[in-house]
Amino acid sequence: CKISVSQILLDFANPVFYDLFLEYNGDNGQQHLWAVPVLNLNLQYNEKFVNQGSNMNNWLLTRRFFLVDALSGKENDLGKPPRVIRIASKITISIRLVPHTRRGTIYPPLITVAYTDVLIQNPETQSVMVSFAVSYEMNQSEAQIQTDIALGVLGGLAVLWSLLKTAGWKRRTGSSIIDLQTVFKFLLFYAGDLANVFFIITVGTGIYWLVFFKAQQFVSVLLPLPSQEEDFVTYIACAFSLKALQFLHLLVSQLTIDIFFIDWERPKGKVLKAVEGEGVIKSAAAPVSIWRTYFIANEWNEIQTVRKINPLFQVLAVLFFLEVVGFSNLALMDASSSLTRSSESYVAPWSRILRFGVSAALWVAIAVLQIIFFAVFYERFVEDKIRQFVDLCCVSNISVFLLSHNCFGHYIHGRSVHGHADTNMEEMNMNLKREAENLCSQRGLLPNTDGQTFQISISRKMRLHYDWIHETLTRKRGPARLLDSSTNTFEQSTRAYNAMNKFLSSFIDHVHREMDYIVKDKLLLERILGMEFMEPIDKSIFYNDEGHSFSDVLYYGNETTLLIFDILFFSIVDLASQSYVLAAILTYLQQEIFRFIRNTLGQKNLASKTLVDQRFLI
């Protein structure tokens, strides 16, 4: 606080010396007094400030101290005001807990005093800053050792897991050479896994202190001091930085996928068509409507940023429990676990560890409840957009061929069991009725099966042929002299689209014997490790995928990464500003910004890879 010099001179005309004692009861109930030692930071011995070092063996402890000395600074006449006064500008009583105590046993307290000399110029306008504090501390070395052990063990496991991810990535790219790109990819994988390690350790530490400090009946643990929280804040900063790197890697991966919509619809009959330049009319196959492809492309565009939680509800719910219900009061550095505090009572300072522990616990708890509600109720009784998209593909007679890696991707078999989908409402309803009554074949890729989604591992020969057609489809990067006519460019792209559609549909129909494929189930270990043991040398491999893992190229399949990034972003802003409201606002803004970027760039990639005009993606 700030105290006027004139008030000090009035209240402390003569110095008063104090001896501080601690009153306590012995084992037999008898009262005892313990002299509290004083650490005077201004004490000099051999012209050295011996009490200002951290080495306790060099300290010289005393028993007596004073608050204000207005007498020693008087010159010549004791009746005149002093020229200099000496005040105790900083007083701290340190309470240190005995390790492994269960009854709140403490070491003898220590009072630390720092004195400041104040030159008197104008007492009426002068003021001095003084502070008094009681610090409660315990030996944190054991907790630090346990944290370091956990970090070392989990960090080592993260290295192994990242190596497995890199090996799986190399298999999926169809390359076996360890080059600079492989090392860079390993570092990206390791950044994400190490971020998870830091996140687990920091959340576990925050919840540990929150539970054991607030729930203790007898004092057995004390919070780390602000100076001891620096390592914890560093861990959170590392977790956020590494998770941000993983998040950006995820965005780039999703925005560069190869995707194509296979249209199984075949022409119905023939139409008469005039041939330009010849003046004759010839019969040609009736054109197939492109609107079904546009429709599926729009649906895919809409589910690109669908999440398992509602981000706005998540942020508002966390803010509601913190600020309205009063969970933020649990982050105060006192032992009270009350959610409400009187405005007149003393309010302890914030603990950064407890602030992180409370907010992270609420984020995780609300997110888990949302995911459970989403999986158990919403997807079952309201809508499941991922499975609905698969059904829509089958009704539209459109399959989705998707490559997230060079030789690995996903396939959604949307071939209609009725042979065609470009029909009127009456026939469409009749087809759906027949399917509901099992009067037609099943939707699966294989006969008498329902499996429509697959993970695909394609051969190098298949990939080279795909790239050759795709290069023709996207040859807009060619010389300008070849693109002098927009009509020719459009016709060239149309032919490339038809060629790609014909090639992929014939590939699915086993027409190309040199590029055939087999269908099989993944081994349990392959599912756990997220990699494939068999290399598709002669034949591509389609793995049955009942879990709809094609959502891995969408926001939907990466909810854990997005959630942890949101939590860490919220925590970083809160630790920097000490404001939950500001953290919530900025977190929602970054969610919307990245969602806009993902939608915009994902829409452009979808248009360029599938030849769907971007004007039809709304």
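Q: Hello! In this predicted model, is Asp258 buried or exposed?
A: Asp258 has a relative accessible area of 12%. A residue counts as buried when that value is under 20%, so Asp258 is buried.

Q: Which residue forms a salt bridge with Asp258?
A: Side chains of opposite charge can pair when their charged atoms come close. In the salt bridge of Asp258, the closest N and O atoms are 3.0 Å apart. The partner has a relative accessible area of 7%, which makes it buried. That partner is Arg463.

Q: How many residues apart along the chain are Asp258 and Arg463?
A: Asp258 forms a salt bridge with Arg463. Asp258 sits in strand E14 (residues 258-263), while Arg463 sits in helix H10 (residues 460-473). The pair links distant parts of the chain, and the two are 205 residues apart.

Q: Why does the salt bridge of Arg415 and Asp509 tie together separate parts of the sequence?
A: In this salt bridge the closest N and O atoms of Arg415 and Asp509 are 2.6 Å apart. Arg415 lies in the loop between strand E18 (408-412) and H9, and Asp509 lies in the loop between H11 and strand E20 (517-520). The pair therefore ties together parts whose separation in sequence is 94 residues.

Q: Are Arg415 and Asp509 buried, partly exposed or exposed?
A: The relative accessible area is 32% for Arg415 and 36% for Asp509. Values between 20% and 50% fall in the middle class, so Arg415 and Asp509 are partly exposed.

Q: Which residue meets Lys522 in a salt bridge?
A: The N to O distance in this salt bridge is 2.8 Å. Lys522 is in the loop between E20 and helix H12 (524-529), and its partner is in the loop between H12 and strand E21 (540-544), 10 residues apart. Lys522 is buried at 10% relative accessible area, and the partner is buried at 1%. The partner is Glu532.

Q: Which residues are joined into one network by salt bridges that share partners?
A: A search of the whole structure finds 22 salt bridges. Some of them share partners, and one network formed in this way joins Asp258, Arg463, Asp467 and Lys609.

Q: Which helix gives the most residues to the largest nonpolar core?
A: This core has 55 residues, and Trp209, Phe247, Leu322, Leu354, Trp363 and Phe570 touch the most other members. Among the elements that give two or more residues to the core are helix H3 (180-214), helix H7 (352-382) and helix H13 (559-577). With 10 residues, the helix that gives the most is H13.

Q: Leaving aside neighbours within four places in sequence, which residues are in contact with Trp363?
A: Trp363 is one of the core members that touch the most others. Beyond its sequence neighbours, the contacts of Trp363 are Gln314, Val315, Val318, Leu563, Asp566, Ile567, Phe570, Thr587 and Gln591.

Q: How many residues are in the second, separate core?
A: Members of this second core include Ala297, Val400, Leu554 and Leu617. It is separate from the core already described, and its count is 26 residues.

Q: What is the area of the nonpolar surface patch that includes Leu582?
A: Leu582 has its place in helix H14. Its relative accessibility is 36%, so Leu582 counts as partly exposed. Leu582 shares the patch with Val581, Ile585, Leu586, Leu589, Ile593, Phe596, Ile597 and Leu601, and the area is about 760 Å².

Q: How far apart are the end C-alpha atoms of residues 187-212?
A: An unreviewed UniProt entry lists residues 187-212, 312-333, 353-377 and 562-589 under "transmembrane region". Residues 312-333 are 64% helix, with end C-alpha atoms 30 Å apart. Residues 187-212 are 100% helix and 0% strand, and their end C-alpha atoms have a separation of 37 Å.

Q: Which residue, in the loop between strand E10 (84-96) and strand E11 (110-119), has a positive phi near 60 degrees?
A: The residue is something other than glycine. At 60% relative accessibility, it counts as exposed. The residue found in that loop is His100.

Conventions. Residues are numbered from 1 along each chain as its sequence is written. This is a predicted model: local features need pLDDT of at least 70, side-chain atom pairs count only at pLDDT 80 or more; totals for chains, interfaces and linings use all residues. Side-chain values use heavy atoms; hydrogens and water are left out. A nonpolar core is a set of buried Ala, Val, Leu, Ile, Met, Phe, Trp, Tyr and Cys residues joined through side-chain atoms within 4.5 Å. Buried means under 20% relative accessible area, exposed over 50%, partly exposed in between (1.4 Å probe, protein chains only). Helices (H or I, at least four residues) and strands (E, at least two) are DSSP runs, numbered from the N terminus. Contact means heavy atoms within 4.5 Å. Patches are made of residues with over 30% relative accessible area and no salt bridge: like charges are joined within 9 Å, nonpolar side chains (Val, Leu, Ile, Met, Phe, Trp, Tyr) within 5 Å. Accessible areas come from the Shrake-Rupley method with a 1.4 Å probe; for residues, only the protein chains shown count as cover. A salt bridge is a side-chain nitrogen of Lys or Arg within 4 Å of a carboxyl oxygen of Asp or Glu. UniProt positions are given in the numbering used here, feature names are shortened, and annotations may be inferred rather than shown by experiment.
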